[in-house]
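Visitor: Please take me through one part of this structure slowly. I would like a close look at the place where aromatic rings meet, and at what lies around that place.

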Amino acid sequence: MPLVRMTIRSGKSAYYKKALLDGVHNALVRAFKIPEHDRFQILHELDAEHFEAPQAKTENVTMVEITAFKGRSSEAKKELYRSIVENLAENPGIKGDDIMIIVHEPPLENWGIRGGKPASEVQLGFKVDV
């Protein structure tokens, strides 16, 4: 049940934004083995004056922040990064150097889910230790 927040510069088409959302979600399904239907994503669009980035970045600069249950292996995270970059390069055409990915992993007891229960006390229905 990762929560994904993406930040891009404003002015992109609906097709472009949908490709971002789909590309990151598909990478999470592949690398973290989350269920296909488990999709919580927020896309923030900012004017360039509110989104500073190094000069080497293009107008396609993209920040992807993923807050996920703690427990994924380093290999799963590497696969996630690789998959996100490959997916977004293919569609909508973002260069890998324009993508920054950050994974936050609060412990399960820091997630209130399914009626306010700590995730550590809930049968999740999928493996976290992949």
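Guide: Start with the whole chain. A compact globule of 130 residues would have a radius of gyration near 14 Å, and the protein chain has 15 Å, so the two agree. Keep in mind that this is a predicted model. Along the principal axes, the C-alpha atoms fill a box of roughly 45 × 25 × 25 Å.

Next, the elements. The protein chain has two helices and six strands. Read from the N terminus, their order is β-α-β-β-α-β-β-β. Buried residues account for 36% of the 130 residues. Now take contacts between residues at least 6 apart in sequence: 76% of them join residues at least 24 apart. Remember that figure when we reach the rings.

Now to the rings. A search of the whole structure turns up two aromatic pairs. One is formed by Phe 69 and Trp 111. This pair is edge-to-face, with 4.7 Å from centre to centre and 75 degrees between the planes. Where do the two residues sit? Phe 69 is in the loop between β3 (62–67) and α2 (74–90), while Trp 111 is in the loop between β4 (99–104) and β5 (112–113), so the pair ties together parts that are 42 residues apart in sequence. Both Phe 69 and Trp 111 are buried.

Phe 69 also pairs with Phe 126. Here the rings are stacked, with 6.4 Å between centres and 10 degrees between planes. This pair, too, links distant parts of the chain. Phe 126 lies in the segment after β6 (117–118), 57 residues from Phe 69. Both Phe 69 and Phe 126 are buried. Put the pairs together, and Phe 69, Trp 111 and Phe 126 are linked into a cluster.

Look at what touches Trp 111. One contact is Thr 67, which is in strand β3 and touches Trp 111. Thr 67 has a relative accessible area of 14%; buried means under 20%, so Thr 67 counts as buried. Leaving aside neighbours within four places in sequence, Thr 67 also contacts Met 1, Pro 2, Leu 3, Arg 5, His 104 and Pro 106.

Another contact is Pro 118, in strand β6. Not counting residues up to four places away in sequence, Pro 118 touches Leu 108, Glu 109 and Trp 111. Pro 118 is partly exposed, with a relative accessible area of 26%. Its C-alpha atom is 9.9 Å from that of Pro 107, eleven residues apart along the chain.

Now step back to the nonpolar cores. In soluble globular proteins, nonpolar side chains tend to be buried together. The largest nonpolar core here has 21 residues. Those with the most contacts inside it are Val 24, Leu 28, Phe 32, Val 64, Ile 66, Leu 80 and Ile 84. Five elements appear in the list of those giving two or more residues: β1 (3–9), α1 (14–32), β3, α2 and β4. The largest share, seven residues, comes from α1.

Take Leu 80 as an example. Leaving out residues up to four places away in sequence, Leu 80 touches Ala 27, Leu 28, Ala 31, Phe 32, Ile 66 and Val 103. Apart from this core lies another, of eight residues. Phe 69, Trp 111, Leu 124 and Phe 126 are among them. Our ring cluster of Phe 69, Trp 111 and Phe 126 is thus found in that other core.

Rings also meet charges in this chain. The charged end of Arg 9 sits over the ring of Phe 51, 5.6 Å from its centre. The charged end of Lys 12 sits over the ring of Tyr 16, 5.0 Å from its centre.

Finish with the backbone. Arg 114 lies in the loop between β5 and β6. Its phi is positive, about 45 degrees, although Arg 114 is not a glycine. Arg 114 is partly exposed, at 49% relative accessible area. Lys 33 also has a positive phi, near 60 degrees. Lys 33 is in the loop between α1 and β2 (40–46), and at 51% relative accessibility it counts as exposed. Last, a cis peptide bond joins Asn 91 and Pro 92, with omega about 25 degrees. Pro 92 is in the loop between α2 and β4.

Definitions and conventions
Residues numbered from 1 in each chain as written. Predicted model: local features only at pLDDT ≥ 70, side-chain atom pairs only at ≥ 80, totals over all residues. Heavy atoms only, no water. Phe/Tyr/Trp six-rings, centres within 6.5 Å; stacked < 30°, edge-to-face > 60°. Helix = DSSP H or I, 4+ residues; strand = E, 2+ residues; numbered from the N terminus. Buried < 20%, exposed > 50% of the residue type's maximum accessible area, 1.4 Å probe, protein only. Lys NZ or Arg CZ within 6 Å of the ring centre and 35° of its normal. Contact = heavy atoms within 4.5 Å. Core = buried A, V, L, I, M, F, W, Y, C linked by side-chain atoms within 4.5 Å. Rg over C-alpha atoms; globule rule 2.2 N^0.38 Å.
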